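Hi,

Here is the model I said I would pass on. Have a look at it first, and then read on for what I found.

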Amino acid sequence: AERDIQAKGHFAKGIYYANISQPKKAIQELDSAIIKNFTLIDAYIEKAILQLENNEASNTIATLSKAIALDKKNADILFWMGKAYQQKKEFDQALLYFSETIKVDPTNTAAQQAIDELKK
């Protein structure tokens, strides 16, 4: 329980730093959250988004691969994995992940828009 509380504290700090445009500090805090509680899926997702914003698609994929190992049916993980492959211009992989996102969450309009864009 103590580690979980610490993990959530680091996660909250990570979100704070992300919101004030300090991505390096944000990623450090999110990494600390993951170390305290490796099952904290949201920490992986937030870290991946920051990596993607920093044009680090390969790092994003590495981060999200760990999250997928914990939860294969999480629409957010699948969506951001698609975005990472899209950034790498690996469009077949991107389409695959966006399609998986829709299977898990048919209401995900962002994934549907991404699919429509890729098919143009």
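Let me start with a small puzzle: does asparagine 108 count as buried or exposed? Before the answer, a word of caution that this is a predicted model. Asparagine 108 sits in the loop between H6 and H7, and with a relative accessibility of 13% it counts as buried, since the cut-off for buried is under 20%. Setting aside neighbours within four places in sequence, asparagine 108 is in contact with Phe79, Thr101 and Ile102.

Now the overall picture. The chain has 7 helices and 0 strands, so from the N terminus the order of elements reads α-α-α-α-α-α-α. The radius of gyration is 15 Å, close to the 14 Å that the globule rule gives for 120 residues, so the chain is as compact as a globular protein of that length. Along the principal axes, the C-alpha atoms fill a box of roughly 45 × 25 × 20 Å.

A few totals for the chain:

- Of the 120 residues, 39% are buried.
- Among contacts with a separation of 6 or more, 42% are between residues 24 or more positions apart.
- The chain exposes about 7,000 Å², with carbon and sulfur atoms supplying 52% of that area.
- There are 16 positive and 16 negative charges, and their mean positions lie 4 Å apart.

Next, the last stretch of helix. Which residues of H7 are buried? In this helix, residues 109-118, they are Ala111, Ala114, Ile115 and Leu118. These four cover an arc of only 100 degrees around the axis, which puts them on the same side of H7. The spacing fits the usual helix geometry: an α-helix has 3.6 residues a turn, so residues three or four places apart point the same way. What does that side of H7 pack against? The buried residues of H7 pack against helix H5 (75-87) and helix H6 (91-104). On the face turned away from the buried side you will find the exposed residues Thr109 and Gln113.

Helix H4 (residues 57-70) has a residue to look at too, namely threonine 63. Threonine 63 is buried, its relative accessible area being 5%. Apart from neighbours within four places in sequence, threonine 63 is in contact with Tyr44, Lys47, Ala48 and Gln51. If you want a distance to check on screen, the C-alpha atoms of threonine 63 and alanine 43 are separated by 9.8 Å, and the two are 20 residues apart along the chain.

Lastly, two backbone angles. Most residues other than glycine have a negative phi. Serine 21 has a positive phi, near 60 degrees, and lysine 89 has a positive phi as well, near 65 degrees. Where are they? Serine 21 is in the loop between helix H1 (2-19) and helix H2 (23-36), while lysine 89 is in the loop between H5 and H6. As for cover, serine 21 is exposed, with a relative accessible area of 63%, and lysine 89 also counts as exposed, at 61% relative accessibility.

If you only have a minute, I would start with H7 and its buried residues, Ala111, Ala114, Ile115 and Leu118, and then go to asparagine 108 in the loop between H6 and H7.

Cheers

Key: Residues are numbered from 1 along each chain as its sequence is written. This is a predicted model: local features need pLDDT of at least 70, side-chain atom pairs count only at pLDDT 80 or more; totals for chains, interfaces and linings use all residues. Side-chain values use heavy atoms; hydrogens and water are left out. Helices (H or I, at least four residues) and strands (E, at least two) are DSSP runs, numbered from the N terminus. The radius of gyration is taken over C-alpha atoms; the globule rule is 2.2 Å times the number of residues to the power 0.38. Buried means under 20% relative accessible area, exposed over 50%, partly exposed in between (1.4 Å probe, protein chains only). Contact means heavy atoms within 4.5 Å. Accessible areas come from the Shrake-Rupley method with a 1.4 Å probe; for residues, only the protein chains shown count as cover. Lys and Arg count as positive and Asp and Glu as negative; His and the chain ends are not counted. The place of a charge is taken as NZ of Lys, CZ of Arg, CG of Asp or CD of Glu. The arc is that of the directions from the helix axis to the C-beta atoms.
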